[in-house]
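Me: I have a protein model open and would like to learn how to read its side-chain contacts, its backbone angles and its cysteines. Could you take me through them?

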Amino acid sequence: MKNEVAGFSKLSKEEKINWIANHYFANPSEAILTLKQYWNNDSKLQQLHDEFIENTITNFYLPMGIAPNFLINGNYYSVPMVIEESSVVAAAAKSAKYWSTRGGFKATVLNTEKIGQVHFLFKGETAKLQAFFKDAKKNIIASTDSITKNMQRRGGGILSLELRDKTNELENYYQLHATFDTKDSMGANFINSCLEQLAKALKEEAQQYIDFSELKKDITIVMSILSNYVPNCIVRAEVSCKVSELAENLSAGRPGKIENPQEFAEKFVQAVRIAEIEPFRAVTHNKGIMNGVDSVVLATGNDFRAVEAGVHAYASRNGNYSSLSHAKIENDIFTFWMEIPLALGTVGGLTSLHPLVKMALEILEKPSSQELMQIVAVTGLAQNFAALRSLTTTGIQEGHMKMHLNNILNQYQATSEERKAIAKHFENNTVSHASVVTLIENLRK
């Protein structure tokens, strides 16, 4: 398309679809049919989904699965997971079952502090700004009372407000650095509303400060915004057992069976240590953790992009990108654990709007935000255990490609007879995309 489109947002849904279909598809009617196939037959439910975002033309489906048997702090959970990648839900469920017979997962919320900042410029002396802030701080915080009163009733609100001098890094640059407790809500809107009021009050108080010249009174607010980096909103998840208890009492020949627990534990710990010191490995290692984390975050209507950004920043907090998880053997005890930042909510946002989000939270027995933090972290750790177990025993591809086989068969529209023959063939052969395609072609000859 050579020219821009004018007034696209003002078109009706039907008009948007027709425009897209006629400009980008060789067969517009087929494109329109495909888009409408994903609409919900319930018009009110469809309207609800249409209004989640702007310029909606259809719904984009992702599968929602369940990983059962998660024993966390003595309670069993069936964990909803929304993800498109084969083997993730199966791997999480396998880890959950494995650890349920070895004491289960332990999870602890270490802190729930969230952060927001007012970024501003001040052209006067730092000492005078500091003196001003000391005098005005109480009034600046008090200006948010109408916003924070409901949160305060629930035990949350603004925890602290400090002035930070960043002029060594950027000329005239300062921050109001605020910390918050938002209880069971993720709190983005609450925090941003507070920050904008804090910024407004900062300017107003500066205008009335008698020790400022007219130039110094002119504080420039650059922006007021929460941070998705929450290094003091941390949850710890861990598993541990005697090294000997890592062994599995399974039938001989089962892939991934742990026959020599000492050897397995030592190799597992070594694999984690490699991810601790090698960034190329750490990125993929942590991506596996986020397979579990993101899928539960999505299922419960939380912001997985914010979680991803904060978690990866946390993985780099010591100057190098490193593993989020850690493992050790001490006194014949194997321990595998991780601490990650998670700012999650169980009230507000999609949690009260999206029907499947509400169902996911119901399946999790209506957790508090701290309980959800624990469940999410545990799912990430379980996913990481499953990946490392495969990598250090059979290799990652054997299990993954068997799960991926169905996707390949769907891609080539295999018949039921072809599926039976293919399944039988790969009982004793390694699955790869090329080998599946070759077999399909041979069957069809």
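Reply: Happy to, and here is a walk through salt bridges, backbone angles and cysteines. This is a predicted model, where local features need pLDDT of at least 70, side-chain atom pairs count only at pLDDT 80 or more, and totals for chains, interfaces and linings use all residues. Residues are numbered from 1 along each chain as its sequence is written, and side-chain values use heavy atoms, with hydrogens and water left out.

Me: What counts as a salt bridge, and how many are there?

Reply: A salt bridge is a side-chain nitrogen of Lys or Arg within 4 Å of a carboxyl oxygen of Asp or Glu. With that rule, the model has 15 salt bridges. One of them joins the side chains of Glu14 and Lys36, with 3.1 Å from N to O.

Me: Which parts of the chain does the pair Glu14 and Lys36 tie together?

Reply: Helices (H or I, at least four residues) and strands (E, at least two) are DSSP runs, numbered from the N terminus. Glu14 sits in helix H1 (residues 13–24) and Lys36 in helix H2 (residues 28–37), so this contact ties together parts 22 residues apart in sequence.

Me: Are Glu14 and Lys36 buried or exposed?

Reply: Relative accessible area decides: buried means under 20%, exposed over 50%, and partly exposed in between (1.4 Å probe, protein chains only). Glu14 is partly exposed at 35%, and Lys36 is partly exposed at 31%.

Me: What about Glu248 and Arg389?

Reply: Glu248 and Arg389 form a salt bridge whose closest N and O atoms are 2.5 Å apart. It links distant parts of the chain, 141 residues apart: Glu248 is in the loop between strand S8 (234–242) and helix H9 (261–277), while Arg389 is in helix H13 (residues 369–392). Glu248 is buried, with a relative accessible area of 15%, and Arg389 is buried at 5%.

Me: How should I read the salt bridge between Glu417 and Lys420?

Reply: Here the N to O distance is 3.8 Å. Glu417 and Lys420 are 3 residues apart in helix H15 (residues 416–425), so about one helical turn separates them. Glu417 is exposed at 53% relative accessible area, and Lys420 is exposed at 56%. Salt bridges can also share partners, and in this way Arg236, Glu238 and Glu339 are joined into one network.

Me: Now the backbone. What is the phi of Asn69, and where does Asn69 lie?

Reply: Look for positive phi in residues other than glycine. Asn69 is such a case, with phi near 70°. Asn69 belongs to strand S1 (residues 64–72) and is partly exposed at 30% relative accessibility. Asn331 also has a positive phi, near 55°. Asn331 is found in the loop between strand S9 (325–330) and strand S10 (333–341), and at 78% relative accessibility it is exposed.

Me: Last, the cysteines. How many disulfides are there?

Reply: A disulfide is a covalent bond between the sulfur atoms of two cysteines. The test is a pair of cysteine sulfur atoms within 2.5 Å, and the count comes to 0.

Me: Why does Cys194 have no such bond?

Reply: The closest cysteine sulfur to that of Cys194 is in Cys233, 16 Å away, so the two are too far apart for a bond. Cys194 is buried, with a relative accessible area of 0%. Cys241 is buried as well, at 5% relative accessibility.
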